[in-house]
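Work through these short exercises with the structure in view. Try each task before reading its solution.

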Amino acid sequence: FCAVAALLPSVACEIFRPQDHGAKADGQHNDTAAVLAAAAAAAACGATSVPGGCELLFSGGTFLTGPFMLPSHSAVTVADGATVRAMPMKQWNAAGWTSGAFLSGTSLTNLTIQGSGTIDGNGADWWAVTHDDLHYRPGMLALEGTHGLVIQDVLFLNSPNHNIMLSGSLGVRVRRIR
């Protein structure tokens, strides 16, 4: 997204990094508040800017976070060597998160999820838990009603439940994911 924006003189790419909102990116500290703030800033940018001019960038470490919504009109980039890791089951449950997935969105437009980094669902603790009325296991990525979606090059690892669930979406391209 931002690489394309650089080719167009009238388009300024805005990059939103969780570190700019206080993320430690050390894989130990809870970076949820910083990730939510960066994602909200990217969403606000996408709502007001030229499509393709906003990027939520995860680089330079491991971001331990709770679930978050993905932004429209943006790229979510997980750079080489970076990991976006879901909070462990114990912390997930203690926080009361009931999101159907670690990463989610409804009625999004023009979203790209890209990069050679890793999205890690931290699922090992969840796998021993059955999926019945008494237990809940979130998926990794769930998008509903998305128009214009590209998912490419990212490694999806250790999902508590399913890796990718798309419903009612149009213009979807998935390439080279692992």
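**Exercise 1.** In this predicted model, decide whether Ser74 counts as buried or exposed.

*Solution.* Start with the cut-off: buried means under 20% relative accessible area. Ser74 has 0% relative accessibility, so Ser74 counts as buried.

**Exercise 2.** Place Ser74 in its strand and find what its side chain reaches.

*Solution.* First, find the strand. Ser74 belongs to S6, which covers residues 74-78. Next, follow the side chain. It reaches the backbone oxygen of Ser72, at 2.9 Å.

**Exercise 3.** Describe the largest cavity: how much space does it hold, and what kinds of residues line it?

*Solution.* Begin with the search. Across the whole structure, one cavity of 30 Å³ or more turns up. The space in the largest cavity is about 50 Å³. Now list the lining: Phe58, Phe68, Leu70, Val76, Val78, Val84, Leu103, Ile113 and Ile119. Then sort these residues. Nine are nonpolar, none is polar and none is charged.

**Exercise 4.** Which residues touch the most other members of the largest nonpolar core?

*Solution.* The core has 37 residues. Phe58, Phe68, Leu70 and Ile119 touch the most other members. Helix H2 (residues 32-48) gives this core its largest share, six residues. Compare with the cavity: Phe58, Phe68, Leu70 and Ile119 also appear in its lining.

**Exercise 5.** Leaving out residues up to four places away in sequence, which residues does Phe58 touch?

*Solution.* Go along the chain. Phe58 touches Pro18 and Val35, then Phe63 and Phe68. Further on come Val76, Thr77, Val78, Ala79, Ala82 and Val84. Among these partners, Phe68, Val76, Val78 and Val84 line the largest cavity, as does Phe58.

Notes:
Residues are numbered from 1 along each chain as its sequence is written. This is a predicted model: local features need pLDDT of at least 70, side-chain atom pairs count only at pLDDT 80 or more; totals for chains, interfaces and linings use all residues. Side-chain values use heavy atoms; hydrogens and water are left out. Helices (H or I, at least four residues) and strands (E, at least two) are DSSP runs, numbered from the N terminus. Buried means under 20% relative accessible area, exposed over 50%, partly exposed in between (1.4 Å probe, protein chains only). A polar contact is a pair of N or O atoms within 3.5 Å; within protein, one must be able to donate a hydrogen and the other to accept it, and residues adjacent in sequence count only if both atoms are side-chain atoms. On a 1 Å grid over the protein atoms alone, a cavity is a set of points where a 1.4 Å probe fits but cannot get out, and a pocket is an open set with protein on both sides within 12 Å along at least five of seven lines; lining residues have an atom within 4 Å of a point. Grid points are joined across faces, edges and corners, and a volume is the space filled by probe spheres set on the points. Ala, Val, Leu, Ile, Met, Phe, Trp, Tyr, Cys and Pro count as nonpolar, Asp, Glu, Lys and Arg as charged, and the others, Gly among them, as polar. A nonpolar core is a set of buried Ala, Val, Leu, Ile, Met, Phe, Trp, Tyr and Cys residues joined through side-chain atoms within 4.5 Å. Contact means heavy atoms within 4.5 Å.
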